[in-house]
Amino acid sequence: MTMFEAILLTIATAATPLLIAALGELVVERSGVLNLGVEGMMVMGAVAGFAIAQTTGSAWLGMIAAILAGAAFSLLFGFLTLTLVTNQVATGLALTLLGLGASAMIGESFVGLPGVKMEALNIPVLTDLPYVGKFLFGQDPIFYISILLTIGVVWFLFKTRAGLTLRAVGDNHTSAHSLGVPVVRIRYLAVLFGGACAGLAGGQLSLVYVPQWVENMTAGRGWIALALVVFASWRPWRILAGAYLFGAVSIGQLHAQALGIGIPSQFMSSLPYLATIIVLVLISRNKRLTLMNTPTSLGKPFVPDR
Amino acid sequence: MTGTTITNGSDKPLLEASKLTKIFGTLKACDEINLAIGTGEIHSLLGENGAGKSTLVKMLFGALQPTSGDIAWKGQKVTVTNPAMGRSLGIGMVFQHFSLFDALTAAENIALSLDERTPLDTIATRAREIGQAYGLPVDPEALVGDLSVGERQRIEIIRCLLQNPDLIILDEPTSVLTPQEADLLFVTLERLRSEGKSILYISHRLEEVRRLCDRATVLRHGKVVGQCDPRSQTAASLARMMVGNDIHVIDRHPAEAAASTQAALLEVRGLSQKPRGPFSVSLHDINLSVRAGEILGIAGVAGNGQGELFEAISGEVLQERPDIIRIRGTDAGRIGISGRRKLGAAFVPEERLGHGAVPDMSLTNNLLLSRHSTDRKVFLTGGALRLVAERSLALATSRIVTQMDVRKSAENPDASALSGGNLQKFLIGRELDRNPSVMIVNQPTWGVDAGAAAHIRQALVDLARSGSAVIVISQDLDELFDISDRIAAMVHGHLSESVPIEAMNRERVGLMMGGVDHSIAPENAGTI
């Protein structure tokens, strides 16, 4: 495996959790709900995935547990914000704090234990192709799931009736309600999907990226995913681009630091954030398009008048 | 009525509501309402704001559940639990505040209210077909946020017609149209009637009702107070039924000094502005001047730049050069809102809650917010500490409340607790209390009942006659004809020359609003 291939692979592994979590949050926000609890749901997915995989020895069972944990955690958010109509921002923040604390408690006995790593794909001949073989045909299953998920979200949002309904709910929930669209039910489903994605992203961290459990191992990736959604102006392909750009710059700066370039390391560490923001701001210059794609009722509580 | 073969009232009505009641908390919004709509009739529902019209139709359509009472549809008793069920029964609704989605295309908007099995890719074609058949042209690919209000209404109506309803409910459909656009709508409605469809037509425009409708049911305070054939009534007799007594006639007493001899108090010269958001309008070379003692009325269909003009004059948006806007002879184009207020100007925006007033703040606090800078000496004490002078605030508030006859339920309620008309009276009173020499009001009586509207209009006339310059931006032509000395029209961000009221008539102002009068920039001619 050449250096080039190795870098390409690490970039994909770093970008995948951001992509998955951001896609989930994209669907949630397109339905008009702002869930700031991505970090919390992600870390819950990471600990649940690691714990189940460690206990059963199956990385796949761990991954399913991660998805369920994220979804269950998002259901709590949904119940609070959609049924009890609490403030979405405050509830989302609380969810993150709760997730970080609860995962640390659950994971206490798993710290330092060896993890179960999800095996990478290996197709004879194809995987051994020069330069791109490993990248295209030799990665872990979650990478392929993340790409399919991107295509799936694009198709769902812009080609299906259900996606149209979801966008309508995010644009104007009062009008949607008056048309007989079940606003709250659609938002519940969107929130659940977002939670499942965040859980999957967390599982990727503890079962693929670094197969072990460390307290607070998401390290702010949930927040980056949230920022990606906004900077990508709620469009799935831009989230893909943003996630990979972020992954590329963070891996690139590590290599640059290793080579001993005379730039303060603090600056290098902040580079991925700066680069992602600058590029996404540049491609979002078309204000009209951005506003068109911004869910108008984002974060606004909905109470049907009965 | 046209010579249709279907007779009204002789056989079973299409829809019959009996003793329909809806109670919100302690308020009886609808009180034992009986209503029968025959097949192939245009039935008008008349009443002031708050009379219960909207609540009633929401119950018929399934958006609200009645507290008690029955609805019979084609002779069968039904319970309409949600709008989807209303639609499947054959009841279509065109809303007053459009229920469209700005970020979606016309075809997507239509698709949302159709049967789930309708394939998405055939809707654009069907929408185009129906639109052509009923004279309602639309572009299915256009984003709704970019469309004019008239075009949006067409989409609403096409959306409704695609469901092939037997009863179409229209809530104040002409309030957003030019007279010419309204005429086109009436042709469509008469055609629908001739096809045997029934229409429930909600309006407070009495001339329209007299011209179009076969029968009218009048509501007041949630009760049916009368049924009649509007064609045998006069506008005045219908108004009396609606309000319960005669409406105050605006007294346009002459100005103390002839306006033409006075200096202009407000001047706008060459105001051009790019659109600031995806759905806002650009302004093109707007010129106007208003003298002491006169009211300039600005007519126009909503969304033609009136809001942007208001923001430019009020100082919410600053201009590039100071001399674009002059208030009392001072170049004010670069001065902010408070600065312009200090020059003697006063502003009442269109949106009451959120723009004109902070909904969750009390009336006294809302008063302080708008006047802390102009009346610092009165409302703030303690020198540099700038403490709030509660007593003088309360005094000023009660003075405004008395002067404008604001009806409120508590001593100092939140702005959002007042009804629309009462809050508007307070907001206008808040500015009048300063005795401004320049006042600009956007939609002063939108959604305000007739009694309060008359009060507000009289107050504006009185202000002008006492020597102030007043601009009233309104979509309500009756209002403009009642109070203006000159009328100009806005279309696509252009402002026409103003025409003295004596030389003005409804047809001419309609042409100006549509951009086909020659007093408007020629490049816009013919683009209604």
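In the predicted model, chain B is assigned two domains: domain 1 spans residues 15-243, and domain 2 combines residues 259-344 with residues 436-524. The centres of domain 1 and domain 2 of chain B, taken over C-alpha atoms, are separated by 32 Å.

Chain B also meets chain A. At this interface, 21 residues of chain B are in contact with 16 residues of chain A. On the chain B side, two elements each give two or more residues, namely α2 (83-89) and α3 (106-112) of chain B. The largest share, three residues, is supplied by α3(B). By class, the chain B side that touches chain A consists of 13 nonpolar, five polar and three charged residues.

Within chain A, helix α1 (residues 3-30) and helix α9 (residues 183-209) pack against each other, their axes coming within 7 Å and crossing at roughly 170°. Angles over 145 degrees count as roughly antiparallel, and α1(A) is therefore roughly antiparallel to α9(A). The contact between α1(A) and α9(A) contains 17 nonpolar, five polar and one charged residues.

A single residue of chain B, A236(B), was examined in further detail. A236(B) is located in helix α8 (residues 235-243) of chain B. A residue is classed as exposed if 12 or fewer other C-beta atoms lie within 10 Å of its own; A236(B) is exposed because 11 other C-beta atoms are found within that distance. In sequence, A236(B) and L206(B) are 30 residues apart, while in space their C-alpha atoms are 8.6 Å apart.

Technical notes
Residues are numbered from 1 along each chain as its sequence is written. Chains are lettered from A and ligands numbered from 1 in the order in which they are written. This is a predicted model: local features need pLDDT of at least 70, side-chain atom pairs count only at pLDDT 80 or more; totals for chains, interfaces and linings use all residues. Domain bounds come from an automatic or database domain assignment. Two residues are in contact if their C-beta atoms, placed from the backbone, lie within 7 Å. Helices (H or I, at least four residues) and strands (E, at least two) are DSSP runs, numbered from the N terminus. Ala, Val, Leu, Ile, Met, Phe, Trp, Tyr, Cys and Pro count as nonpolar, Asp, Glu, Lys and Arg as charged, and the others, Gly among them, as polar. Axes are lines fitted to C-alpha atoms, for helices over the stretch in contact, and angles run from 0 to 180 degrees between N-to-C directions. Angles under 35 degrees count as roughly parallel, over 145 as roughly antiparallel, 65 to 115 as roughly perpendicular and the rest as oblique. A residue is buried if 20 or more other C-beta atoms lie within 10 Å of its own, exposed if 12 or fewer, and partly exposed in between; C-beta atoms are placed from the backbone.
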